[in-house]
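Here are a few exercises to work through with the model open beside you. Try each one yourself before you read the solution.

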Amino acid sequence: ETITPGTVLADALLPERRNNFLASLVPDGDAYGLAAVDVSTGEMSVERVDAGELAAALGRLEPSELLLPRSLEAGGAVPAAVAGEVPASTFRDDWMFEEDLGAQELMRLFDVRSLEGFGFQDGDGALVRAAGALVQYVREVRPAGMTHLRPVRIRRPGHVMVLDEMTRRNMELVEPLRAGARGGTLLAVLDEPITPMGARPLRRWILEPLVTPGGIWR
């Protein structure tokens, strides 16, 4: 059995009160296609992230493992944000991040003939590449995690506030400013959910506050 940081399913190895995201990153000009999946809960999302906001996006997701094209390693072009926000990086052959293969993987997973129903548009090639690479990796490493993956959710810019590392730390949202200190964070004050199913989204909501009234009041 192969176990990687992002594909753990055993409850004893999973953090109880936060998601365990496996993420995938592909360059797209001056931006990146970023996909994330929590194999234990089935949540999967994709988004396009500007290069300047990559660190904030990774800090919000807190992925335990990140998939990257091998050419980034060979060319020394791995974004600096990756080293600062992700504990483990896994490099895969570039052909595993191709758009056609990614689309086939997603259509096979959800048994559809087109990705239009999920909201993919022209210009979303990097999102398809990132999501397809994730699905292919999970199918290879953790087939048991495929059975409950939910339809992919596309995150468009402008729905959540982007919080960089300095902001997250100084506001003590989920981690105290002083290393080793306990409590004193916004999460510690609000962390009343009894089950992990309630605690995980609470942490995520704190790290990605909504900015649109419709989403806030929903």
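**Exercise 1.** Is Arg48 buried, partly exposed or exposed? Work out the same for its salt-bridge partner, Asp50.

*Solution.* A bit of housekeeping comes before the steps. This is a predicted model, so local features need pLDDT of at least 70 and side-chain atom pairs count only at pLDDT 80 or more, while totals for chains, interfaces and linings use all residues. Residues are numbered from 1 along each chain as its sequence is written, and side-chain values use heavy atoms, with hydrogens and water left out.

- Step 1: get the cut-offs straight. Buried means under 20% relative accessible area, exposed means over 50%, and partly exposed is in between (1.4 Å probe, protein chains only).
- Step 2: look up Arg48. Its relative accessible area is 40%, so Arg48 is partly exposed.
- Step 3: do Asp50. With a relative accessible area of 40%, Asp50 is partly exposed.
- Step 4: check the contact. A salt bridge needs a side-chain nitrogen of Lys or Arg within 4 Å of a carboxyl oxygen of Asp or Glu. For Asp50 and Arg48 the N to O distance is 3.8 Å.

**Exercise 2.** Which parts of the chain does the salt bridge between Arg60 and Glu47 tie together?

*Solution.*

- Step 1: find the contact. The closest N and O atoms of Arg60 and Glu47 are 3.0 Å apart.
- Step 2: place the ends, taking helices (H or I, at least four residues) and strands (E, at least two) as DSSP runs numbered from the N terminus. Arg60 is in helix H1 and Glu47 in strand S3, so the pair ties together parts 13 residues apart in sequence.
- Step 3: check burial. Arg60 counts as buried at 8% relative accessibility, and Glu47 is buried too, at 9%.

**Exercise 3.** Trace the network that contains Glu62 and Arg203.

*Solution.*

- Step 1: start with the pair itself. The closest N and O atoms of Glu62 and Arg203 are 2.8 Å apart.
- Step 2: locate the ends. Glu62 sits in the loop between H1 and S4 and Arg203 in helix H8, 141 residues apart.
- Step 3: check burial. Glu62 is buried at 18% relative accessibility, and Arg203 is buried at 9%.
- Step 4: follow the shared partners. Salt bridges join Arg18, Glu62, Glu175 and Arg203 into one network.
- Step 5: put that in context. The structure holds 16 salt bridges.

**Exercise 4.** How does strand S1 pair with S2 and with S4?

*Solution.*

- Step 1: set the rule. Two strands pair if DSSP finds at least two bridges between them.
- Step 2: take S2 (residues 31-38). S1 pairs with S2 in the antiparallel sense over seven bridges, and Ser24 has Ala35 as its bridge partner there.
- Step 3: inspect the turn. S1 and S2 form a hairpin with two residues between them, and Gly29 in the turn has a positive phi of about 70 degrees.
- Step 4: take S4 (residues 65-69). S1 and S4 run parallel, joined by three bridges, and Ala23 stands opposite Leu66.
- Step 5: finish with burial. Five of the seven residues of S1 (residues 22-28) are buried.
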